[in-house]
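Please look over the model shown here before reading the notes that follow. They are arranged by topic, so that each can be checked against the coordinates in turn.

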Amino acid sequence: MLKKNSPYDGLFFDIHGAMSVVGLDDPEGDFIIRVREVVGKKTIISTSMDLHGNVSWRLAQNSDLITCFRMAPHEDAMLSKKRAVDNLLSRIESGEGKPAYKAWIPVPILLPGEKTSTRVEPGKSLYAQVAPAAAQEGIVDAAIWIGYAWADEPRNHAVVMVTGDDKEKVTQTAEALANSFWNARSQFEFIAPTASLKESLDMAIASNKHPFFISDMGDNPTAGGAGDVTWTLKEILARPEFKSAKGPSLIYASIPGPEFVAKAMELGVGGKIDAYAGAAIDARFAPPIKLTGTVEAIVQGDEHAETEVVVKIGSVHVIVTKKRKPYHEEVDFTSLGLNPRKTDIVVVKIGYLVPELYDMRADWIMALTPGGVDQDLERLDFKRINRPMFPFDKDMKDPDLKAQLVPLSDDGVE
Ligand SMILES: [Zn+2]
């Protein structure tokens, strides 16, 4: 497609940065090199990323402008993309072309997003330094990547990059940001209380604050979890407190189960259902779960889920979807006839709560559940990330955080 419309003055390369492909170490680096092979060396490529993405040297070299979000949760996602496009257009229109310098600093830190939110310290103060750094004369943009913690590749670590035309300022600014990050490393903590699932449920049941949110963190699909791990739901349904309709009300959002949904549609609302859901992708922690209850709602037309079914089991409302869907907004619940504000406990496959859920919570705990994005990083078996790495190597020495100047993309595709 690129070949068909070439040549190009500029290209907006909009990626997350944490694509994982079995057998490849740097799929996004491979991708931009393929793009370069088509568009050539002259085209200015402006790369825009999630701060949880990874910046390999190859990605840095083949990008002329590069930036990422400055907020987690990513309330500035569109602003960041716009900045990447604005900078691209301005460099083309002004004739300034590619920035002369790109400083890259790998920071040997690997932390989960749930410890590095910019809502709280030290993430808040660290990321507050980025916009003023980027606004300096001689600098085009500055960015800090937390990196992605649930892959096992040499590129999984934090990175600082600064681009601009003033060599001193570019390198000094990058080094200042990298040092701020390194110096704050020990202060990163989970941004909300965490506990085992059992403790989380005990707390939620005993609490007088409702709705009490529980994050089913280990299987958060927006972090890279399969989203179909049944372990948490199995544990919930096994609790005696929820066995009767008079028990504490609980919404479980959600579990994919296309066969379950098909059966519910045959039975209709009010039908008694007995069918399996979940664990089609990630069955490592629990097998597909048998859900026996009453169909409360069937809603069609959601762009992600396609069909959503609510099944009532004891005092639990389980949302089963045809396709995986993240539940991030109040309307995701109310459109199914559920009222999360009037529900005792709401369990969501998520890490930190996105703004709409955060504003709704009366209380909240993040459960350290198993899954593809297990937040207890120290129990994971990393083999291929660079070492030493904070926080795994407790006594590691201070790393060399000197800025490395990345060759311009004109210098060849590598
Ligand atoms: Zn992210």
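The briefing below goes from the overall build to the sheets, the cores and one loop residue.

This is a predicted model, and the protein it describes is divided into domain 1 (2-189 + 394-411) and domain 2 (194-374). Its secondary structure comes to twelve helices and 16 strands. The radius of gyration is 23 Å, close to the 22 Å that the globule rule gives for 414 residues, so the protein is as compact as a globular protein of that length.

**Overall build**

- Taken along the principal axes, the box filled by the C-alpha atoms of the protein is roughly 70 × 55 × 35 Å.
- Of the 414 residues, 47% count as buried.
- Among contacts in the protein with a separation of 6 or more, 73% are accounted for by residues 24 or more positions apart.

**The two domains and where they meet**

- The centres of domain 1 and domain 2, taken over C-alpha atoms, are separated by 36 Å.
- Contact between the domains involves seven residues of domain 1 and ten residues of domain 2, and the side of domain 1 that touches domain 2 consists, by class, of three nonpolar, two polar and two charged residues.

**The nine-strand sheet**

- An open sheet of nine strands, with mixed pairing, follows the order β7-β15-β8-β14-β9-β13-β12-β11-β10. At its edges stand β7 (194-195) and β10 (272-277), each with a single partner strand, so one side of each is left without a neighbour in the sheet.
- Within this order, strand β8 (residues 212-216) and strand β15 (residues 363-367) run parallel and are joined by five bridges, and Ile214 has Ile365 in β15 as its bridge partner.

**The four-strand sheet**

- A further open sheet has four strands in the order β5-β6-β4-β16, and its pairing is antiparallel. Here β5 and β16 stand at the edges with a single partner strand each, so one side of each is left without a neighbour in the sheet.
- Strand β4 (residues 101-107) and strand β6 (residues 158-164) run antiparallel and are joined by seven bridges, with Tyr101 standing opposite Gly164 in β6.
- On the way to the edge strand, β4 pairs with β16 in the antiparallel sense over two bridges, and Ala103 stands opposite Leu405 in β16.
- The pairing of β5 with β6 is likewise antiparallel and runs over six bridges, with Ala143 opposite Met161 in β6.
- Seven of the seven residues of β4 are buried, and both of its faces are covered, with Tyr101, Ala103, Ile105 and Val107 on one side and Lys102, Trp104 and Pro106 on the other.

**The parallel pair β2 and β3**

- Strand β2 (residues 44-49) and β3 run parallel and are joined by four bridges, and the bridge partner of Ser48 in β3 is Thr67.
- Strand β3 (residues 65-68) is covered on both faces, since Leu65 and Thr67 on one side and Ile66 and Cys68 on the other are all buried.

**Nonpolar cores**

- In soluble globular proteins, nonpolar side chains tend to be buried together.
- The largest nonpolar core has 54 residues, of which Ile144, Val160, Met161 and Ala174 touch the most other members. Strand β5 (residues 139-145) supplies the largest share of this core, with six residues.
- Leaving aside neighbours within four places in sequence, Ile144 is in contact with Leu51, Leu126, Tyr127, Val130, Val160, Leu177 and Phe181.
- There is also a second, separate core of 51 residues, which includes Leu201, Phe212, Val346 and Val347.

**Leu368, a loop residue**

- Is Leu368, found in the loop between β15 and β16 (404-405), buried or exposed? Leu368 counts as buried because it has 20 C-beta neighbours inside 10 Å, and 20 or more is the cut-off for that class.
- Leaving aside neighbours within four places in sequence, the contacts of Leu368 are Thr194, Ala195, Ser196, Met217, Gln375 and Asp376.
- Leu368 and Thr334 are 34 residues apart along the chain, and their C-alpha atoms are separated by 27 Å.

Technical notes
Residues numbered from 1 in each chain as written. Predicted model: local features only at pLDDT ≥ 70, side-chain atom pairs only at ≥ 80, totals over all residues. Domains from an automatic or database assignment. Contact = placed C-beta atoms within 7 Å. Nonpolar A, V, L, I, M, F, W, Y, C, P; charged D, E, K, R; others polar. Core = buried A, V, L, I, M, F, W, Y, C linked by C-beta atoms within 7 Å. Buried ≥ 20, exposed ≤ 12 C-beta atoms within 10 Å, placed from the backbone. Rg over C-alpha atoms; globule rule 2.2 N^0.38 Å. Pairing = 2+ DSSP bridges.
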